[in-house]
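Dear colleague,

I am passing on a structure that I have been looking through, and I would be glad if you opened it beside this message. Below it I have written down what was found, with each term explained where it comes up.

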Amino acid sequence: MKKTIILLVALILTLGILVQTATAQITVSGSNGKDATYGSLTKAAGAFLALNSVTQAGKNIVITITSDVTTESGLYPLTGAAGMWTSLTINPSGARTISGSPALPLIDLNGADNVSIDGLNSGGNSLTISNTSTSATAGTSTIRFINDASNNTIENCTLTGSEMVVNSPTSGSGIIFFSTTTGSTGNDDNTIDRNYITSAADASRPLNAIYSLGTSAKENSGNTIINNNIYNFLNKGAASCGINLGNYTTAWTISENSFYETATFTPTASVEYRVINIENTSGLNYTVLNNHIGGSSPECGTSGSVATWTKATGYGNTFYGIYLNVGTGNASNIQGNTIQNFSYTNSTNANWTGIQANAGDINIGTTTGNTIGRPTGTGSILFTAGATGANFYGINITSSGTVDTQNNTIGSITPSNAAGNATNFFGINKTNVAGTTTIINNTIGSTITASSINASSASSTAANAQSVYGIYSAGTGTVTISGNTISKLTNGTTNTTAATAGLIDGIVCTSGTNTITNN
């Protein structure tokens, strides 16, 4: 009888250990009194709530993900409210997944500082963090920074999310979401580095891959988005962005990121797309540097056989590669970016724009020129409109501030349309607004390749004049156009209307005070 009881007790203890081991997916070390194994990060018995419950001042805490956790609730954020640690690192012991589907942020850094989520180990990017919720609840996200969460780093992870609430002046979300409500300074000096950021499901893509919306006097500032691959991210049925910086967001750096589509992209509505969108007329000193937009793999693909970012016909979708609507004073910079390898087809006359300087003081290529298309070859960007009057803009300047555009290359572009319709081309365009505009040392077309710019539609219908402009300025301010090279532009029109037949203009200025030299 004694032996039976002892065996039974031993069996119960063994089963208890096995159950504990099976549910112990997260290990905490280096903490004040909370070193243990946990079954989750964000549930009631999870690691975050435990660490929040006592002071962790001066501690260097490590949270190790030892196996997959697929039922995170997002209920408990990481706050550090009881006393902030010196550092807190979350990393995987191997290829691991943290996921759930709450209508909440999955991982919420609520006033937490000095947190590093690092997915890197010997296997490469081995930590996947995913919120699969398709709820339209404001704030649903995969990782959220809120209430002065600062000096944090998210790196070497795969981050995925699904369709989230439509962004507006007062609400919004993204796979990564920077928000502020009750803090005092905003979420500052955070870094998003070397991650793969994409949709959790193709049928429910997010509205923003990364979105920032601050609060008056609590701006989200000094954050850096660098070296990330952001792909398959545009929502098929709603206006959406890759990186979207909204109100009360200032002085960010967006650098060395790649934006691409791995398969043919087929929208389900005529909505607008902006890959990098900065929309804050009081924001200053943004840097958009050395990003790649286009192709079906990082850096717009590789040399040789390059697959394009292909957008199918069926709807008319206005497109902007880089869009800045910013403030005046401390100029923002768009430098060294590459936009190429597109096959983009619309069913309407919606426009396609590489770089849009919508408002504010902006330097475009003043230190390192941007490339839209390629300097040689043909057809790096194929833009096909579905109705007459569509426009292709390499660089479009509608700002009444000071815009300095230098050293940029716009070439290997084929706008097209049905034979009777017109698709117009503008290499650099300045609209009818005031401001000081400088257009210097840009190359539009190619000195080597014939028909580098090829507006290929016959545009034969008399009313459908097709125009090709190297530089066009209707600006009412002061415009300087100097040292530019405009070469090998072709207009395929057969239109016989005298005023429009075969129109190709190198430089046109219709108003303002213009200085045109050495082109």
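Ile117 stands opposite Ile154 in β12, and this pair belongs to the contact between two strands, since β7 and strand β12 (residues 153-155) pair in the parallel sense over 3 bridges. Here two strands are said to pair if DSSP finds at least two bridges between them, while helices (H or I, at least four residues) and strands (E, at least two) are DSSP runs, numbered from the N terminus.

Before going further, please keep in mind that this is a predicted model, in which local features need pLDDT of at least 70 and side-chain atom pairs count only at pLDDT 80 or more, whereas totals for chains, interfaces and linings use all residues. Residues are numbered from 1 along each chain as its sequence is written, and side-chain values use heavy atoms, with hydrogens and water left out.

Strand β7 (residues 115-118) also pairs with β4, in the parallel sense and over 3 bridges, and there Val115 in β7 is the bridge partner of Leu88. In a regular strand, the side chains alternate between the two faces of the sheet. Both faces of β7 are covered, because Val115 and Ile117 on one side and Ser116 and Asp118 on the other are all buried (buried means under 20% relative accessible area, exposed over 50%, and partly exposed in between, with a 1.4 Å probe and protein chains only).

Ile117 appears again in the largest nonpolar core, which has 93 residues, and of these Ile63, Ile117 and Ile129 touch the most other members. Such a core is a set of buried Ala, Val, Leu, Ile, Met, Phe, Trp, Tyr and Cys residues joined through side-chain atoms within 4.5 Å. If residues up to four places away in sequence are not counted, Ile129 has contacts that include Ile98, Leu106, Ile117 and Leu159, where contact means heavy atoms within 4.5 Å.

Turning to the strands more widely, the protein chain has 2 helices and 50 strands. An open sheet of 12 strands, with parallel pairing, runs in the order β5-β10-β13-β16-β20-β24-β27-β31-β35-β39-β43-β47. At its edges stand β5 (96-100) and β47 (485-487), each with a single partner strand, so one side of each is left without a neighbour in the sheet. Within this order, β16 (residues 196-199) and β20 (residues 229-231) pair in the parallel sense over 2 bridges, and Tyr196 stands opposite Asn229 in β20.

Two loop residues deserve a look. Asn235 lies in the loop between β20 and β21 (240-245) and is buried, with a relative accessible area of 5%; a polar atom of its side chain lies 2.7 Å from the backbone oxygen of Arg205. Gly80, in the loop between β3 (60-65) and β4 (87-92), is also buried, with a relative accessible area of 7%. Gly80 and Ala112 are 32 residues apart in sequence, yet their C-alpha atoms are 5.6 Å apart in space.

Finally, for the chain as a whole, 55% of the 519 residues count as buried, and residues 24 or more positions apart account for 84% of the contacts with a separation of 6 or more. The C-alpha atoms fill a box of roughly 110 × 45 × 35 Å, taken along the principal axes.

With best wishes

Key
A polar contact is a pair of N or O atoms within 3.5 Å; within protein, one must be able to donate a hydrogen and the other to accept it, and residues adjacent in sequence count only if both atoms are side-chain atoms.
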